[in-house]
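Trainee: Please take one part of this model and go through it closely. I would like a single connected account.

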Amino acid sequence: MRNVLHTACVPAPYLFVGHSLGGIYAQRYAQRFPDEVAGMILLEPPHEDFRTNTPKFKKRYLLQQSFTILRALLTYKKSFRALFNQMFATWPDEIRELLIEYHLKTLSKTFTERKNLNSQIYEEIRKGGKLPDIPLIVYTAMGIDPFMTPITSKSFLRDTLDPFNHIKNIVYTK
């Protein structure tokens with residue numbers, strides 16, 4: 001990212017706005033080049049400890065999760081088409097179907113990339129040190145990510161990933 005910004009002759013300092021995985025990238029950039037970042041706005045960023053602190057999958061969910069994964073493999077385009085239809089419901093008719101088709105085509109690639117990349121980038125964030133003392137705004141919602149529903153059993157989502165079911169102690173730090 002730094003090379004792209006420098007090649008495009010975009011001078012620092014930067015205000016990063018990162019959504020989802022982009023929020024992780026923005027944080028990592030700020031760790032590596034703190035003098036080049038003036039502030040960050042993070043929209044639904046995953047926490048770097050999400051994978052290590054997510055409750056472990058219990059055997060009681062095994063059968064239901066197996067059926068959910070099998071159903072997802074057989075019907076993932078239909079399931080995700082419904083989610084994308086909701087997501088793009090207010091978009092103009094001329095581009096809505098193009099957006100849905102694009103997202104469906106790139107879906108399997110996205111899952112593969114996220115799985116491989118997530119553990120590596122989360123580790124870099126954990127070991128990368130503190131963020132610089134800059135303005136930081138984080139927007140997040142409570143609840144279950146709708147994109148988890150086609151691939152995760154309802155009971156597992158409800159019992160382990162729904163933040164309202166097991167809020168313990170949330171600490172926000174700058």
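Mentor: Threonine 140 has a relative accessibility of 47% in this predicted model, and because exposed would require over 50%, threonine 140 counts as partly exposed. Threonine 140 sits in the loop between β3 (136-139) and α6 (154-161). Glutamate 44 is 96 residues away from threonine 140 in sequence, yet their C-alpha atoms are 4.7 Å apart in space.

Now to the buried side chains. In soluble globular proteins, nonpolar side chains tend to be buried together. Here the largest nonpolar core has 11 residues: Leu5, Tyr14, Phe16, Ala26, Tyr29, Ala30, Phe33, Val37, Met40, Leu42 and Ile134. At least two residues of this core come from each of β1 (14-19), α2 and β2 (37-43). Another core, of 7 residues, lies apart from the largest one, and Phe80, Leu83, Phe88 and Leu107 are among its members.

Next, the empty space. The second largest pocket holds about 160 Å³. Its lining is made up of Met1, Arg2, Tyr25, Arg28, Tyr29, Arg32, Phe33, Ile121 and Glu124. Two elements, α2 (21-32) and α5 (93-127), give two or more residues each to that lining. The most comes from α2, with 4 residues. Sorted by class, the lining has 5 nonpolar and 4 charged residues, and no polar ones.

The core and the pocket share some residues: Tyr29 and Phe33 belong to the largest nonpolar core and also line the second largest pocket. Helix α2 likewise supplies residues to that core and to the pocket lining.

How values were computed:
Residues are numbered from 1 along each chain as its sequence is written. This is a predicted model: local features need pLDDT of at least 70, side-chain atom pairs count only at pLDDT 80 or more; totals for chains, interfaces and linings use all residues. Side-chain values use heavy atoms; hydrogens and water are left out. On a 1 Å grid over the protein atoms alone, a cavity is a set of points where a 1.4 Å probe fits but cannot get out, and a pocket is an open set with protein on both sides within 12 Å along at least five of seven lines; lining residues have an atom within 4 Å of a point. Grid points are joined across faces, edges and corners, and a volume is the space filled by probe spheres set on the points. Ala, Val, Leu, Ile, Met, Phe, Trp, Tyr, Cys and Pro count as nonpolar, Asp, Glu, Lys and Arg as charged, and the others, Gly among them, as polar. Buried means under 20% relative accessible area, exposed over 50%, partly exposed in between (1.4 Å probe, protein chains only). A nonpolar core is a set of buried Ala, Val, Leu, Ile, Met, Phe, Trp, Tyr and Cys residues joined through side-chain atoms within 4.5 Å.
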